[in-house]
Every structure is written in C-alpha cells, then in structure tokens.
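Grab a pencil and get the viewer ready. Below you'll find some exercises to try on your own before you peek at the solutions.

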Amino acid sequence: RYSLFYNHLKNIEESEGGLDKFTKSYKTFGVNQLEDGGIYCKEWAPGAEAVFLAGDFNGWNPFSHPYKKLEYGKWELLIPPEDGHSPVPHGSKLKVVIRAQNGALLYRISPWARYVVRDEDKVNYDWVHWNPPQSYIHKNPSPKRLKSLRIYESHVGIASPEGKVASYKNFTYNVLPRIKDLGYNCVQLMAIMEHAYYASFGYQITSFFAASSRYGTPDDLKEMIDVAHSMGITVLLDVVHSHASKNSEDGLNQFDGTDSCFFHSGYRGNHQLWDSRLFDYANWEVLRFLLSNLRMWIEDYRFDGFRFDGVTSMLYHHHGIGTGFSGDYNEYFGLHVDEDALCYLMLANHMINTLHPECITIAEDVSGMPALCRPVAEGGGGFDYRLAMAIPDKWIQIIKELKDEDWNMGNIVHTLTNRRHEEKYIAYAESHDQALVGDKTLAFRLMDAEMYTNMSVLMPLTPVIDRGIQLHKMIRLITHALGGESYLNFMGNEFGHPEWLDFPRIGNNESYHYARRQFNLTEDNLLRYKFLNAFDRDMNRLEERFGWLASPQAYVSEKHEANKVIAFERAGLIFIFNFHPYQSYVDYRVGNWHSPLTVAFKYKILLDSDDGEYGGHQRLDHNTEYFSEEFPHNYRPNSIMV
C-alpha cells in the first residue's frame, strides 16, 4: 500500500510539479477571475466533442465562447476584460455547454462551481458566478490543534426550534454560543457541500466546491467559521468523497455525456444501496478534483479538518454490503480491498498533514481496518481519529433486548475498551444516525411516550422518567470517560431531545415539524430537559479541567456482575458507576493507585449524576472526604470506601 502511495506521489512530483501545485487546481479549474479583470475557464471533459460557455453575459448564446481543446481531455477558455471590467459580472448565471459524442448539446454546471442556487419555482439548481467586490476577510486565527476533542455534531438547517431551513447567521449568533457554553471545543458540520435533495442529510452531493446556498451565502459560512474560531472552537467539515449524486442536470453525473467521467463505468460505478455514483480513484483527474476540493475548504473557508463519510464503502469493492467484520485480518487484506481508494485516502491525509499540519481528519469506518489511523509513513491510512461505531450499537442492543437486572458489566466494559490503543477513537453514545426517522434516540428509547406528558417538574417523577434521566447521564459519562480518545454528541441529544429527525419529503407532506432542534426546551425551568443539559455541560467542563480524553487508557479495577458496579481510573480520577436497578451501597470498597511518595491521598466528589441540579435524588454529601488506604483491593495497592 505504501508503494502504491509512493508511486502516486512520485508521479505527481514529476508530471505536475509537486503536490502543492497539483492540489491548487481549484484556483484554475471552473470559472476564475483574473487580476486584469478577465476570466479564465478550464474543464475536464474527456468525452466531449466540443465545450462552450453560455450565460447571462452572452445572452445565452451556446456557441459564442468555445473552449480550446488541450491534452488529456482538458479544455480552456480565456475571456478578456471589457474596459478593465469583468465580462462575467458577479451574480450572473452560467452553464458549461457540452457537445456530446452523439451530437447532443448538454447544459451542465461546472464540477468546480463555487455557488449554486435554486429558485423556488424550479427543480434544478442554477450555477451563479460568485465574485463579490469584497469577499469576507477572516479576522481570527484558527485554534491550535486540540489534545482533547469534544465534538458537537451539527446540521445548520435544523438548528432552530422553528419549522424552517435555518441559516448560517442563525447558527453563528444563536447556536455557537450554546456550543461554547456546553463545553464542546469542536463543531462538526454536516450537509455543507451542496446537495439538491435536502432530505439526503447532505450525503448526496451535487456540487462539491459549493457551500449550500439554502442556508445563506459563502461569506455567511466564512463568517460563521470565523466567529467559531474567535470562541476557540475548531470547525470540521463532514466531507463526502465516497460517492456522488446521480443528478446530471445539476450534478457530476454524465458531465461530458459519458458515464465514465469522474466515475467507474457500468456496474462498478453505481452503489446499489445508495443509488449514487462511485468515483474512479485510479483516475488522475479524479485525484486532482478530490484533493483540490479538500484544499479549497481548508484555504478558502478555513475549515480545520474533515470527517470522511462512508470510508467503509470506499475501502472495499463490496462496499460493506452484506458483509460482517469479525476482526479477522483476512477481512482487511486481499483482492476485495479497493487499493486505489485506500491510496487516495493516504494521499489526502498526506496532503493535509504536509500543507496544513494543524488540521484533523476522522474516518467513519465500521469495518475496523487496521492501521487506518496510523501515519502514512508506516503504511497506515494517515487519519487522526476513527469513529467507535460499535458503542452506540451496543447501547441500543442493551436497552432494546435486556432487562435492567440482566445488563452485563463485562460486556459493556469490553465494548468501550475493545480498540487498538495505538489508534485514536471517537466515542459516542449516539449520533445523527440514531436520531433519524425509523430509529430512536437513547432518550426516546428510555422514556418513549412519557416524554410527552411527564417531563414537567410540576408532575410527579414517574419510574420511567426517573430511570430514563439517570441512565441517560450515566451512559454518556461512561462512554465519554472510557470509550475513546475523543467524544462526540449530535446536537440536541445532550438534553434528550424528544422524538426523531425527519426532513421534509413527499412521505410526510413536506413537513418541517421534525426537521428542527427544540433548544427552547432547556430554557424552560419547568421542564426536566434542563437537568440533562446541565449534566452534559459539567461533564465536558470536567474533562476540560482534567483531560481524560488525552490521557492513557483507563485502568478498570471492577466490573461486578452481581452488584452491577463498574469502577476505573483515568487522568487521576476515579469513576464509579452503579447500574443496579434498585440496590445502593454503603462503605463500598474501590481499588485505586497513587504514588507511594504520597502518605495520605484524599478524594472528593467532582461530578455526581445523583445531584439535584441534574435531576437526581441528592443522596450523597459532597462535603465528604474519602481517604485512600494502603489496603489492596481488586489488584490495586490502595483502596477507598465510598
């Protein structure tokens, strides 16, 4: 794998003048403004017989501005300035006109288009030339690379209690302060790359270089990222390079009239479950397109890194369809692995690490491909983190299938710690996947219909609500502290957002009722959502103080099946969880370790899920001091009584 990567890198150096020049192509391809006021256009359309530019600027004459044919399927056009001014004004609509091999004229949006919009009375998007007189100027530097990553997974369009598509401006001024207050230091933005179908959650991309216009302008997004940086918040983009929308009128599909431009031809170029097109990662121009795309998002918008979606689909020719992964190494090496796609990921991470070493990359891989998060120089994939995708599945399975008294402590600990500790994992109890229609969030699984009637503090605390609130907090804390080297939460789930997430579509009469986040629920002092919100905030703030995510793996001293107790140490803290449905304990001995140079070691409670501020029963005195004794317990040299 490293040899394949090295050969690609060597070829880029020899034929393209280096990785820096190769990945700057976003500044030359598409339609670009020159300093003298002229316009330079460049496209890759190997299957085209001829290429033209048409638009408002030439009265939509499809033949007045022909491109010149270059080598390797490239085409270019230079339009001189008119009296020192641009011949293509800012805001004017454009189309690339392709004469296909069968003679048909195809009106296409450039794959490199920076801004596309859709009028309310139209189905397809229009390409709009974005060249404002004064672009947004970033004022704040990007935050330094974080040691402890606490990620708030977000979607701009649903980030409002109102039933509408919310804006970048709304996120900037209403949501970012909330994220900061909750103690998250990173926001991961979904559905930013333009996608024609809103209900695809941003995973059916039509314009890879365009920020979605349904939330506002490119400058609005730049301002949003700049304000996040002013708060010390790192901003990651959920990037989709695993597949593309099948749209041809306003997407990449059949850009030059063939099915092989950017994608594999025939069966290999189609994803049978996602109904989308699959990139040909062995193609030189596809590599240019995708690598330049990453660089554009970093340099133009100041994103601080990426969460790569659908990595499992990229890594294997079977795309993970109908395939289970047991951890057997034969599953990760062989002819079923798409080495071209893996090489692309290595190139992407190498480019990002070389040109922007402060940036972070995350892999969404369910298969557990070994070394995916090891350096490229070791033959690894080069990612910084991978998602611990088994953890949310385990919590769902436990809540769905087991009675409380049947919860297996050893199985919970195994799932939370079963990882390659030389690769960093992002732990999460639930993400957007569990919030979607057809699934249920943890809060809804735990409390279900009673969330509609019994979440008021004026109502008696029912057993269902009591159990749900307590387990919601405990599941999050043990996942946060034991499950990985980073933590992720999907927006709204921190306070147990009721119901599910469903975008407007024909099946729900285009309703926005479930395509929103009711942040207002946490601001109502008469509702119990405030308890979960406060616990999540203080949990993050405690991690900020002690940094357990950046600390070595935890030492688990106890997983007691009869008592339903889990105890472990990490970052100088002792975490103790009692999952027993009805039994509390007095004078419970918990093993611990401290330096033999310390004569007496004293502990105090820092975070207590039973605190009244978090909707608990206040059964513990927080003024109590717990002294460590030289009394061995559970293979630890010392212990305390709690």
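What follows is a set of exercises with worked solutions on this predicted model.

**Exercise 1. The barrel**

Find the strands that close into a barrel, and work out in which order they sit and how they pair.

Solution. Start by going round the ring: the order is β10-β11-β14-β17-β18-β19-β20-β21, which makes 8 strands, and the pairing is parallel. Next, look at how the strands turn: from one strand to the next, the twist averages 30°. Then check what packs on this sheet. Helix α3 (residues 168-181) does, touching β10 (149-155) and β11 (186-190). The direction of α3 makes about 150° with that of β10. Finally, zoom in on one pair: β14 (residues 234-239) and β17 (residues 305-308) run parallel and are joined by 3 bridges. Within that pair, L237 has F306 in β17 as its bridge partner.

**Exercise 2. Two residues from a record**

Which residues does UniProt list for "active site", and how far apart are they in space?

Solution. Step one is the record: the unreviewed UniProt entry lists D309 and E364 under "active site". Step two is distance. The two are spread over 56 residues of sequence, yet they cluster in space, with a largest C-alpha distance of 5.5 Å. Step three is the pocket: both D309 and E364 belong to the lining of the second largest pocket.

Step four is to place each one. D309 lies in the loop between β17 and α6 (311-315), while E364 lies in the loop between β18 (360-363) and β19 (385-387).

Step five: buried or exposed? The cut-off for buried is under 20% relative accessible area. D309 has 8%, so it is buried. E364 has 13%, so it counts as buried too.

Step six is the neighbours, leaving aside residues within four places in sequence. D309 is in contact with Y203, D238, V239, V240, S242, M314 and E364. For E364, the list includes R307, F308, D309, L387 and M389.

**Exercise 3. Checking a helix with a ruler**

What should helix α8 (residues 390-401) span at 1.5 Å a residue, and what distance do its end C-alpha atoms give?

Solution. Count the residues: α8 has 12. The rule multiplies 1.5 Å by one less than the number of residues, so α8 should span 16 Å. The end C-alpha atoms are 16 Å apart, which agrees.

Now ask what is hidden. I391, P392, K394, W395, I396, I398 and I399 of α8 are buried. The elements covering these buried residues include α9 (409-417), β20 (424-427), α10 (432-435), α11 (442-447) and α12 (463-482).

**Exercise 4. The open sheet**

Describe the sheet made of β22, β23 and β24, and pick out its edge strands.

Solution. First the order: β22-β23-β24, an open sheet of 3 strands with antiparallel pairing. The edge strands are β22 (555-560) and β24 (573-578), since each pairs on one side only. Neighbouring strands here are turned by 10° against each other on average, direction ignored. Between β22 and β23 (residues 565-570) there are 5 bridges, and K559 stands opposite I566 in β23. Last, look for a helix: α9 lies across β22 and β23, running at about 155° to β22.

**Exercise 5. A strand with several partners**

Which strands are joined to β6 (residues 93-99) by bridges, and how many of the residues of β6 are buried?

Solution. Go partner by partner:

- β3 (residues 50-55) runs antiparallel to β6, with 6 bridges; A54 has K95 as its bridge partner.
- β9 (residues 126-128) is antiparallel to β6, with 2 bridges; L94 stands opposite W127.
- β7 (residues 105-108) pairs with β6 in the antiparallel sense over 4 bridges; V96 stands opposite R108.

Then the burial: 5 of the 7 residues of β6 are buried, so this strand is largely enclosed by the rest of the structure. In the hairpin of β6 and β7, G103 takes a positive phi near 90°.

**Exercise 6. Positive phi without glycine**

Compare Q254 and F262: what are their phi values, and are they buried or partly exposed?

Solution. Phi is near 55° for Q254 and about 80° for F262. Neither residue is a glycine. Both lie in the loop between β14 and β15 (270-271). As for accessibility, Q254 comes out at 33% and counts as partly exposed, whereas F262 is at 2% and is buried.

Methods:
Residues are numbered from 1 along each chain as its sequence is written. This is a predicted model: local features need pLDDT of at least 70, side-chain atom pairs count only at pLDDT 80 or more; totals for chains, interfaces and linings use all residues. Side-chain values use heavy atoms; hydrogens and water are left out. Two strands pair if DSSP finds at least two bridges between them. Axes are lines fitted to C-alpha atoms, for helices over the stretch in contact, and angles run from 0 to 180 degrees between N-to-C directions. Contact means heavy atoms within 4.5 Å. Buried means under 20% relative accessible area, exposed over 50%, partly exposed in between (1.4 Å probe, protein chains only). UniProt positions are given in the numbering used here, feature names are shortened, and annotations may be inferred rather than shown by experiment. On a 1 Å grid over the protein atoms alone, a cavity is a set of points where a 1.4 Å probe fits but cannot get out, and a pocket is an open set with protein on both sides within 12 Å along at least five of seven lines; lining residues have an atom within 4 Å of a point.
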